[in-house]
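Biologist: I would like to go through this model feature by feature. Please give the general idea where there is one, then the case at hand.

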Amino acid sequence: MSASNWEVVIGIETHAQLATCSKIFSSAATAFGAEPNVQACAVDLALPGVLPVLNRAAVECAIKLGLAVGGQVAPRSVFARKNYFYPDLPKGYQISQYELPVVSGGGITLRLGEGEQATEKVVRLTRAHLEEDAGKSIHEGFHNKTGIDLNRAGTPLLEIVSEPDMRSSAEAVAYAKALHALVTWIGICDGNMQEGSFRCDANVSVRRKGDPEFGTRREIKNLNSFRFMQQAIDYEVQWQIDTLEDGGRIQQATVLFDPSTGETRAMRTKEDAHDYRYFPDPDLLPLVIAPEWVERVKAELPELPGAKRDRFMADYGLSGYDAATLTAALDTADYFEAVVRLAGKAQAKTAANWVMGELAARLHKEDKALGQSPVSAEQLAGLVARIGDNTISNSIAKKVFEALWAGEGASADQIIEQKGLKQITDSGAIEKLVEEVLAANQKSVEEFRAGKEKAFNALVGQVMKAARGKANPQQVNELLKAKLGA
């Protein structure tokens, strides 16, 4: 039986480390990379007699997320103790939220596919709740021993739980990317997956097509890259299908993905909620969020991706695909708008093409983030403006861009002047070049008149070569057609 007879069901739990200066229940720092155990205070170490105090900034982060996803921010939520015993959990329990989370509902809109044929899908969110992180067990560098680093203990997390609405690894990755973009967009998480600031657990199951019941799920823990997420889910799906088709049963379990083998392996049988013996934390009052607080946070939110995408389409005449691509990340959207502001609204489409095309390709090639681009928005705006006023052609613009990237000039104008790249727009000069090319290429002229369109392109190429690429392409085409009687 083939995989086409099975349906994949995926839900994702994401732990987003909140961008606060101190921990969720103590004043200890949250900075990454400190020496082990230097950022763990008495509260984090669970010394006798200490009491947790809730970090207001962490609550504001949760409110922002709730508003951004269209969820309900609870006027009253409760912290609970989630009881389990690991060496890196000093209290013997984790402070989290269970029955009454701070955010309920909402959704994340995914864009699936490429180009104008792309479709949208909304993945529903179950909840988002505040909790503290545990410490870290370190096995490397010790001989038959384990080290414990409690720097992360108490770090504020927002756990965002989706409904099991995804049906492929591609959809799961699209969801994770969209959520990652959103939490960084609204400034509640730095999104650094390598440092563990954004971690995903994928709950994966399969069922025969048409079966209304979900299959038994296995949870793939701590996926810290989108590439690994796709590989892990694809392997897990095939493993579950093979197991069921061979007559086996799926046991609910927590599994880990090994990037070196491309395989998942069981870590432990999966616990259910009742195994953690949740009960309200007696050291913390219920979290009460007044409507005025929500309204104030709402007023401080940046323009959200969906609203910005619609505005780009309305204000700049961009297609849905262009607007969605440019609003996939806040820094890209801001860069684009800066280019348009300086180059002029009439150049919006040209600006979009350069941001999504040449600039994005070069950044990808050199593995650079947009913030590391050697070409600033001001410099690209200068380039786009010179394309717009016909000072340079698109082909010459690519040479100017390369020079800007290499730091050969402070502006497009300076490079155009230094390198003599100004486009030839003098009709007389271009006409003379056209006549010379026609006289020297009689064979191509005859082939064109015999109906071979490629011969015309060859003649255009010869004129551009004679002009060292600086003739206005549109004028070249028009004069050639006139001379050939086309």
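Modeller: Start just after helix H9, where Asn-390 has a positive phi, near 65 degrees. Keep in mind that this is a predicted model.

Biologist: What span should the 12 residues of H9 have, and how far apart are its end C-alpha atoms?

Modeller: The general idea is a rise of 1.5 Å a residue. H9 covers residues 377-388, so a span of 16 Å is expected. Its end C-alpha atoms are 16 Å apart, which agrees.

Biologist: How many of the residues of H9 are buried?

Modeller: In general, an α-helix has 3.6 residues a turn, so residues three or four places apart point the same way. Here 9 of the 12 residues of H9 are buried, so the helix is largely enclosed by the rest of the structure. Among them are Ala-377, Leu-380, Val-384 and Ile-387, and also Gln-379 and Arg-386.

Biologist: What covers the buried residues of H9?

Modeller: The cover includes helices H7 (330-343), H8 (348-365), H10 (394-405) and H11 (412-419).

Biologist: At what angle do H10 and H11 pack?

Modeller: The angle is about 110 degrees, and the axes are 10 Å apart. Angles of 65 to 115 degrees count as roughly perpendicular, and H10 and H11 are therefore roughly perpendicular to each other. Their crossing is right-handed. On the H10 side the contact is made by Val-400, Ala-403 and Leu-404; H11 contributes Ala-412, Ile-415, Ile-416 and Lys-419.

Biologist: Now the strands. What is the order of the open sheet of 3 strands?

Modeller: Strands of a sheet pair through backbone hydrogen bonds, either parallel or antiparallel. In this sheet the order is E5-E4-E16, and the pairing is antiparallel. E5 (93-97) and E16 (279-280) are the edge strands, each pairing on one side only. E4 (residues 79-83) is joined to E5 by 5 bridges; in one of these pairings, Asn-83 has Tyr-93 of E5 as its bridge partner.

Biologist: Last, is Leu-130 buried or exposed?

Modeller: Buried means under 20% relative accessible area. Leu-130 has 0%, so it is buried. This residue lies in strand E8 (residues 119-132).

Biologist: With which residues is Leu-130 in contact, leaving aside its neighbours within four places in sequence?

Modeller: They include Leu-18, Ile-24, Val-59, Val-102, Leu-157 and Leu-287. Phe-79, Ser-96 and Gln-97 are also among the contacts of Leu-130. Gly-33 is 97 residues from Leu-130 along the chain, and their C-alpha atoms are separated by 23 Å.

Terms used. Residues numbered from 1 in each chain as written. Predicted model: local features only at pLDDT ≥ 70, side-chain atom pairs only at ≥ 80, totals over all residues. Heavy atoms only, no water. Pairing = 2+ DSSP bridges. Helix = DSSP H or I, 4+ residues; strand = E, 2+ residues; numbered from the N terminus. Expected span 1.5 Å × (residues − 1). Buried < 20%, exposed > 50% of the residue type's maximum accessible area, 1.4 Å probe, protein only. Contact = heavy atoms within 4.5 Å. Axes fitted to C-alpha atoms, helices over the stretch in contact; angles between N-to-C directions. Parallel < 35°, antiparallel > 145°, perpendicular 65-115°, else oblique. Left-handed = near helix turned anticlockwise from the far one by under 90°.
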